[in-house]
Amino acid sequence: MTFKNKVQELLDAALAEKQELFLIEMTISPDNKILVTLDGDNGVNLQDCIDVSRAIEHNLDREEHDFALEVASAGATSPLKLLRQYKKNIGRKVKLVTLNQEKYEATIASVGEASIVLQWKAREAKAVGKGKVTVEKEAVIPFENIKEASIIISF
């Protein structure tokens, strides 16, 4: 079994014990620096990172492989990559750019298996007379058309 396969197996076992956590990314550099990025349905706390780190580190033999291990949570402003991340952020504002360079700052209204529904309010000119009126807008964007999306943090 390769080093990467062994690490992946240990990581999968650790995540199986914590069903609310999920893997965003795992990379292993040529000099065996392991970087694991996690997210969770209810966020990721320090203890979650420690538990996953220990599950991996305590089951690898340093005599066989010299390695460095870093387990971290996806940052609050990290781009959304997985369907599960979109689902956990329903109701939150997102900044999204499509492959056609269309830009949206809107609320995630719903998430399907193939697309996301965004909603926002916009000011548009009245059909008759002067002035503007606030209208509700909605866009359905297929996941394959999303170039980048990240949550807008508001205080």
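**Figure 1. A polar contact between D39 and K88.** In this predicted model, the side chains of D39 and K88 make a polar contact at 2.7 Å. To find D39, look in strand β2, which covers residues 33-40. Is D39 buried or exposed? With a relative accessibility of 8%, D39 counts as buried, because buried means under 20% relative accessible area. Once its neighbours within four places in sequence are left aside, D39 is in contact with E20, L21, F22, I24, V44, A74, Q85 and K88. Try picking out these residues one by one around D39.

**Figure 2. An open sheet of three strands.** Here the view turns to the sheet that β2 belongs to, an open one with the strand order β1-β2-β3 and mixed pairing. Why do β1 and β3 each have one side without a neighbour in the sheet? The strands β1 (21-28) and β3 (68-73) stand at the edges and each has a single partner strand, so one side of each is left free of a neighbour in the sheet. On average, neighbouring strands of this sheet are turned by 20° against each other, direction ignored. As you trace a strand, keep a general rule in mind: in a regular strand the side chains alternate between the two faces of the sheet.

**Figure 3. The two pairings inside the sheet.** Let us take each pair of strands in turn. In which sense do β2 and β3 pair? The pairing of β2 and β3 is parallel, over six bridges. As an example to look for, L38 has S73 in β3 as its bridge partner. On the other side of the story, β1 and β2 run antiparallel and are joined by seven bridges. Here you can look for T27, which stands opposite L35 in β2. The strands β1 and β2 form a hairpin, with four residues between them. In the turn of this hairpin, N32 has a positive phi of about 65°.

**Figure 4. Helices that meet the sheet.** Two helices join the picture now. Helix α1, made of residues 3-17, packs on the sheet. Which strands does helix α1 touch? Helix α1 touches β1 and β2, and its direction makes about 165° with that of β1. Helix α2, made of residues 46-57, lies across β1, β2 and β3. The angle at which helix α2 runs to β3 is about 150°.

**Figure 5. A salt bridge between two strands of the sheet.** The side chains of K33 and E70 meet in a salt bridge, with 3.3 Å from N to O. K33 lies in strand β2 and E70 in strand β3, so this pair ties together parts that are 37 residues apart in sequence. Both partners can be described by their accessibility. K33 counts as partly exposed at 37% relative accessibility, and E70 is partly exposed too, with a relative accessible area of 36%.

**Figure 6. A salt bridge between R62 and E57.** How far apart are the closest N and O atoms of R62 and E57? These atoms are 2.9 Å apart, and the two residues form a salt bridge. R62 is partly exposed, with a relative accessible area of 42%. Its partner E57 is also partly exposed, at 30%.

**Figure 7. The hairpin of β6 and β7.** Strand β6 (residues 115-125) and strand β7 (residues 132-142) pair in the antiparallel sense, over 11 bridges. One pair to look for is Q119 with its bridge partner E138 in β7. How many residues lie between the strands of this hairpin? There are six, and G129 takes a positive phi near 90°. Look also for the salt bridge in which the side chains of K137 and E124 meet, at 2.8 Å from N to O. K137 lies in strand β7 and E124 in strand β6, so the pair ties together parts that are 13 residues apart in sequence. K137 counts as partly exposed at 31% relative accessibility, as does E124 at 32%.

**Figure 8. The two domains of the chain.** Finally, step back to the whole chain. The chain is divided into domain 1 (3-73) and domain 2 (83-151). How far apart do the C-alpha centres of domain 1 and domain 2 lie? The distance between these centres is 34 Å.

How values were computed
Residues numbered from 1 in each chain as written. Predicted model: local features only at pLDDT ≥ 70, side-chain atom pairs only at ≥ 80, totals over all residues. Heavy atoms only, no water. Buried < 20%, exposed > 50% of the residue type's maximum accessible area, 1.4 Å probe, protein only. Polar contact = N/O pair within 3.5 Å; in protein donor to acceptor, adjacent residues only side chain to side chain. Contact = heavy atoms within 4.5 Å. Pairing = 2+ DSSP bridges. Axes fitted to C-alpha atoms, helices over the stretch in contact; angles between N-to-C directions. Domains from an automatic or database assignment. Salt bridge = Lys/Arg side-chain N within 4 Å of Asp/Glu carboxyl O.
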